[in-house]
Structures are given as C-alpha cells and as structure tokens.
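Please look over the sequence and the model shown here before reading on. The report is meant to be read alongside them.

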Amino acid sequence: MFRIVVKSLAAASLVAIVLPSASLAGDARATPAAPTFKKISIEAFTAARAKKTPMRVYDVNGQRTRERFGVIPGATQLSSAARYDVKASLPASLDKTLVFYCSSEACTASHTAANRALEAGYKEVYVLGAGILGWTKAGKPVEKPSPKS
C-alpha cells in the first residue's frame, strides 16, 4: 500500500510540473514573432535598382562618415538612427520598400533605424549590411553629402 501511495504522489508531482510548463510553451508559440528586417547584399541591391524596383534608401551615418566616404546616390540622410522623425522622414505608405545603411558590417545604426521603421508598421524593410564602406570597396558610385543642417 505504501508503494502505491508513493507512486501516486510521484505521478501527481510530475503532472504538476509538466502541465504548467506545457501551458507556457503553448503560449509562447501562440505569440507571433516580431517582424524583423531583411539583409540585402550589394549585388541584390544593385540589381533591384537596375530593374527600377521602387525603394527608398536611407543613410544613417554621421556627417564625418558621409564627408569621408560619400553617400549612395539618391539616399535620404537621416539625422539619427535612434531619434529620426519617422513620420517626417519615411513615406506615408507603409507598403513602401525601405533600405537602410550605415558604415559597415560592424555598424548597427542601420539596424536601429530599420527596427524603428518596423515598429512604425512598415513591412518591407531591408539593411544593406556592407554599408558605405562595402559599397565604395565594390567600386559603386557615391555622391557628396548634403550640407550639415
């Protein structure tokens, strides 16, 4: 009889531990993942531009980096990756394709700016990971930055 009681208590304890864990795991799967930006290579970006794929390009480098390396032609220069005015700087339509870049793979300012766009509801958000350094290393054209405002 003692063995039956011990086995019953052990089984009840196991159920008490497993069921809440299973319940929590189920909740985690039910929560949709937050949208994330996609990375785009210089080659894919260049090909998309050659096909005249509509996209907006945003430079999130500091003024010194812009003056030293230039800006991808047609890029809009944001004032700050973390503090730019989303409504004033990005298109009104949330369906537009946005591409953000900063200096290089080591820089994450473009990630910050892209995440802010995602938080605002934009769906097609990309980061050109190679940045302006990779762009110039690949021999791609640049233009002079607009004057510091």
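This report takes up the confidence of the model, then its sheet, and then one helix.

The model is predicted, so that local features need a pLDDT of at least 70 and side-chain atom pairs count only at pLDDT 80 or more, while totals for chains, interfaces and linings use all residues. Residues are numbered from 1 along each chain as its sequence is written, and side-chain values use heavy atoms, with hydrogens and water left out.

The pLDDT, which is the predictor's confidence in each residue from 0 to 100, averages 84 over the chain, and 78% of the residues score at least 70. Over residues 1-27 the pLDDT is below 50.

In an open sheet, 5 strands (DSSP runs of E, at least two residues, numbered from the N terminus) follow the order 1-5-4-2-3 with parallel pairing, where two strands pair if DSSP finds at least two bridges between them. Strand 1 and strand 3 stand at the edges with a single partner strand each, so one side of each is left without a neighbour in the sheet.

Helix 2, residues 42-50, packs on this sheet, and helices here are DSSP runs of H or I with at least four residues. Its residues are sorted below as buried (under 20% relative accessible area) or exposed (over 50%), with partly exposed in between, using a 1.4 Å probe and protein chains only.

| Side of helix 2 | Residues |
|---|---|
| Buried | Ile42, Phe45 and Ala48 |
| Turned away from the buried side, exposed | Glu43 and Ala50 |

Helix 2 is followed by Lys52, whose phi is positive, near 60°.

Technical notes:
Contact means heavy atoms within 4.5 Å. Axes are lines fitted to C-alpha atoms, for helices over the stretch in contact, and angles run from 0 to 180 degrees between N-to-C directions.
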